[in-house]
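Please open the model in the viewer and keep the sequence panel visible beside it. The tour below proceeds by selection, with a short account of what is found at each stop.

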Amino acid sequence: MTRGSTLPAHRLSHLSGRVAIPTLPEQTRNTPSAPWLEGFNTASAEEAHATLLACLSSRRWAHRVTAHRPYPTPDALLAASDEAAYDLSAGDLAEALAGEPLPALPADAYGAAHMALDAAHAAYEARFGHAFVLYLGDTPREETLDHILEAIRSRLTNDPDKEREVVAEELRRLARERLMTHFRGAGNGATRHDAPADGT
């Protein structure tokens, strides 16, 4: 190599014993958020609390999610929702369960299906002392009845501590789905007897 010549940057870094690190694109801290998220972030605590209670009837959960505003992205809000749901006490779960509607059948389900479901719900409530809850957001409509009945029968074999864990996870998933549905402008996503059972 002649005097005064230069080596490419990657060869210079090799010769100097250091690894060249490529320059990363600059990341902005203030990423624009969805308009609904901006509205949620700037709403009064009472308004935000009421919005959240429509997704899950736990005052502690709603308070925690409200208190951690502002959220930079929708994913950050959903992560906060998950974290707060994981921390619910037995009393918080009981409060949330008291506000839960039963998973619904499609409106055209035949009468015998309703009778079978009512009997299954009664057996579940007799064992655990609270309503059965189940996330149905990813269940095909035609499989709703079988899915609900199978889930109830399976969970009837749980002991109370195990069932409490299952209930907590179902409530977390329901709260997350209802938040997403609510902020898409389609209501709170609750599965009610007079609403589609797919949670959408």
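Select R60, which is placed in helix α4; helices here are DSSP runs of H or I with at least four residues, strands are E runs of at least two, and both are numbered from the N terminus. The model is predicted, so local features need pLDDT of at least 70 and side-chain atom pairs count only at pLDDT 80 or more, while totals for chains, interfaces and linings use all residues. Residues are numbered from 1 along each chain as its sequence is written, and side-chain values use heavy atoms, with hydrogens and water left out.

R60 has a relative accessible area of 37% and is therefore partly exposed. On this scale, buried means under 20% relative accessible area, exposed means over 50%, and partly exposed lies in between, with a 1.4 Å probe and protein chains only. Now add D87, L88, S89 and D92 to the selection: R60 touches these residues when those up to four places away in sequence are not counted. Contact means heavy atoms within 4.5 Å. For D92, a distance label between C-alpha atoms should read 7.0 Å from R60, although the two residues are 32 apart along the chain.

Move next to S58, in the loop between α3 (45-53) and α4. Is S58 buried or exposed? Its relative accessibility is 0%, so S58 counts as buried. Leaving aside neighbours within four places in sequence, S58 is in contact with L53, L88, D92, E95 and A96.

**The packing of α4 and α5**

Colour helix α4 (residues 59-67) and helix α5 (residues 74-86): the two pack at an angle of about 145°, and their axes are 9 Å apart. Axes are lines fitted to C-alpha atoms, for helices over the stretch in contact, and angles run from 0 to 180 degrees between N-to-C directions. Which residues make the contact? From α4 come W61, R64 and V65, and from α5 come L77, A80, S81, E83, A84 and A85. By class, this contact of α4 with α5 contains six nonpolar, one polar and two charged residues. Ala, Val, Leu, Ile, Met, Phe, Trp, Tyr, Cys and Pro count as nonpolar, Asp, Glu, Lys and Arg as charged, and the others, Gly among them, as polar.

**The loop between α4 and α5**

Select P70, which is found in the loop between α4 and α5. The peptide bond leading from R69 to P70 is cis, with omega near 5°. Then select L37 in helix α2, which counts as buried because its relative accessibility is 0%. The C-alpha atoms of L37 and P70 are separated by 8.7 Å, with their positions 33 residues apart along the chain. Not counting residues up to four places away in sequence, L37 touches Y71, P72, T73, P74 and L77.

R69 deserves a selection together with F40: R69 lies over the face of F40, at 5.8 Å from the ring centre. A charge sits over a ring if NZ of Lys or CZ of Arg is within 6 Å of the ring centre and within 35 degrees of the ring normal.

**The aromatic rings**

How many aromatic pairs does the structure hold? There are five. Rings of Phe, Tyr and Trp (its six-membered ring) pair if their centres lie within 6.5 Å; planes under 30 degrees apart count as stacked, over 60 as edge-to-face and the rest as tilted. Select W36 and F183, a stacked pair at 4.2 Å centre to centre with 15° between the planes. This pair links distant parts of the chain, with W36 in helix α2 (residues 35-42) and F183 in helix α9 (residues 160-183), 147 residues apart. W36 is partly exposed at 28% relative accessibility, whereas F183 is buried at 13%.

Go on to Y124 and F132, whose ring centres are 5.1 Å apart and whose planes stand at 80°, so that the pair is edge-to-face. Y124 counts as buried, at 0% relative accessibility, and F132 counts as buried at 0% as well. Finally, select W36, F40, Y71 and F183, which ring pairs link into a cluster.

**The whole chain**

Clear the selection and view the entire fold. The chain has nine helices and zero strands. Of its 200 residues, 38% are buried. Among contacts with a separation of 6 or more, 66% are between residues 24 or more positions apart.
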